[in-house]
Amino acid sequence: MSEDWDSKTVIGFKRQTAKVAKTESQLNGKHFPFIWRSLARRSGAVVGTDKKLSVGNKANPGTDHQRIAKLDRENEVAPPAKIAPSVGRAIQDGRMALKLSQKDLAQKVNEKPSVIQDYESGKAVPNTQVLGKLERVLGIKLRGSDIGKKLEIGKKSS
């Protein structure tokens, strides 16, 4: 009975014990922080240290990233060919001869004005359907060898 009076009970106090990792992945992973790794080393447990494969940051990426980026650059596909400047100039000349604005020409060929602007500036990727519509409306040849010449409608060569 006298022993009960001498002992003290603390509520909410948990005794700290050294954790021993069960697997190596627990020792090296995020689940086993630095403090516990050092405690495991002191207790004699085997602690493996894995080196990161790539070291670096955004400013200075590691060698693996450099090698992968180089491979990506080597395998890139060439960008699609843009329309020739002579075709853009022919479209612009033909439009001016008919006294049409880019917006008016776009409505006649059922395209957006930005498409006409891209074709005239030489930034567009050639589309045979759009070029065919432009040829019919402007009455000039935009494909082939005689770019800018008058389109001969109705005359077929045999």
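Is alanine 106 buried or exposed? At 1% relative accessibility, alanine 106 counts as buried, and you'll find it in helix H6. Before going further, keep in mind that this is a predicted model. The protein chain has eight helices and zero strands, and this briefing walks through the overall picture, the core, one helix in detail and a few charged pairs.

**The overall picture**

- Reading along the sequence, you meet the pattern α-α-α-α-α-α-α-α.
- The protein chain has 158 residues, and 20% of them count as buried.
- Its accessible surface comes to about 13400 Å², and carbon and sulfur atoms account for 53% of that.
- Take the contacts between residues at least 6 apart in sequence: 38% of them join residues at least 24 apart.

**The largest nonpolar core**

- The largest nonpolar core holds 17 residues. Ile91, Leu105, Tyr119, Leu134 and Leu142 are the ones that touch the most other members.
- Two or more residues of this core come from each of helix H5 (85-97), helix H6 (102-108), helix H7 (113-121) and helix H8 (128-138).
- H8 gives the most to this core, with four residues.
- Leucine 142 is a good one to click on. Setting aside residues up to four places away in sequence, leucine 142 touches Val87, Ala90, Ile91, Leu131, Leu134, Glu135 and Ile147.

**Back to alanine 106**

- Leaving out neighbours within four places in sequence, alanine 106 is in contact with Glu111, Lys112, Pro113 and Ile116.
- Alanine 106 and isoleucine 116 are 10 residues apart along the chain, and their C-alpha atoms are separated by 6.3 Å.

**Helix H7, one face inward**

- Which residues of H7 are buried? They are Ile116, Tyr119 and Glu120.
- Looking down the axis of H7, its buried residues fall within an arc of 95°, so they line one face of the helix.
- There's a simple bit of background here: an α-helix has 3.6 residues a turn, so residues three or four places apart point the same way.
- What do the buried residues of H7 pack against? Their partners are H5, H6 and H8.
- Just after H7 comes glycine 122, which takes a positive phi of about 85°.

**Charged pairs**

- How many salt bridges does a search of the whole structure find? The search turns up four, and three of the pairs are described below, starting with arginine 95 and glutamate 120.

*Arginine 95 and glutamate 120*

- The side chains of arginine 95 and glutamate 120 meet in a salt bridge, at 2.6 Å from N to O.
- This pair links distant parts of the chain: arginine 95 sits in helix H5 and glutamate 120 in helix H7, 25 residues apart.
- Arginine 95 has 7% relative accessibility, so it counts as buried, given that the cut-off is under 20%.
- Glutamate 120 is buried too, with a relative accessible area of 12%.
- Apart from neighbours within four places in sequence, glutamate 120 is in contact with Gly88, Ile91, Gln92, Arg95 and Gln102.

*Arginine 143 and glutamate 135*

- Another salt bridge joins the side chains of arginine 143 and glutamate 135, at 2.8 Å from N to O.
- Glutamate 135 belongs to helix H8 and is buried, with a relative accessible area of 8%.
- Arginine 143 counts as partly exposed, at 33% relative accessibility.
- Not counting neighbours within four places in sequence, glutamate 135 is in contact with Ile140, Lys141, Leu142, Arg143 and Leu151.

*Arginine 89 and aspartate 93*

- Arginine 89 forms a salt bridge with aspartate 93, and their closest N and O atoms are 3.7 Å apart.
- Both arginine 89 and aspartate 93 lie in helix H5, four residues apart, which is about one turn of the helix.
- Arginine 89 is partly exposed, with a relative accessible area of 48%.
- Aspartate 93 is partly exposed as well, with a relative accessible area of 42%.

Conventions
Residues numbered from 1 in each chain as written. Predicted model: local features only at pLDDT ≥ 70, side-chain atom pairs only at ≥ 80, totals over all residues. Heavy atoms only, no water. Buried < 20%, exposed > 50% of the residue type's maximum accessible area, 1.4 Å probe, protein only. Contact = heavy atoms within 4.5 Å. Areas by Shrake-Rupley, 256 points an atom, 1.4 Å probe, with all protein chains shown as cover. Core = buried A, V, L, I, M, F, W, Y, C linked by side-chain atoms within 4.5 Å. Arc of directions from axis to C-beta.
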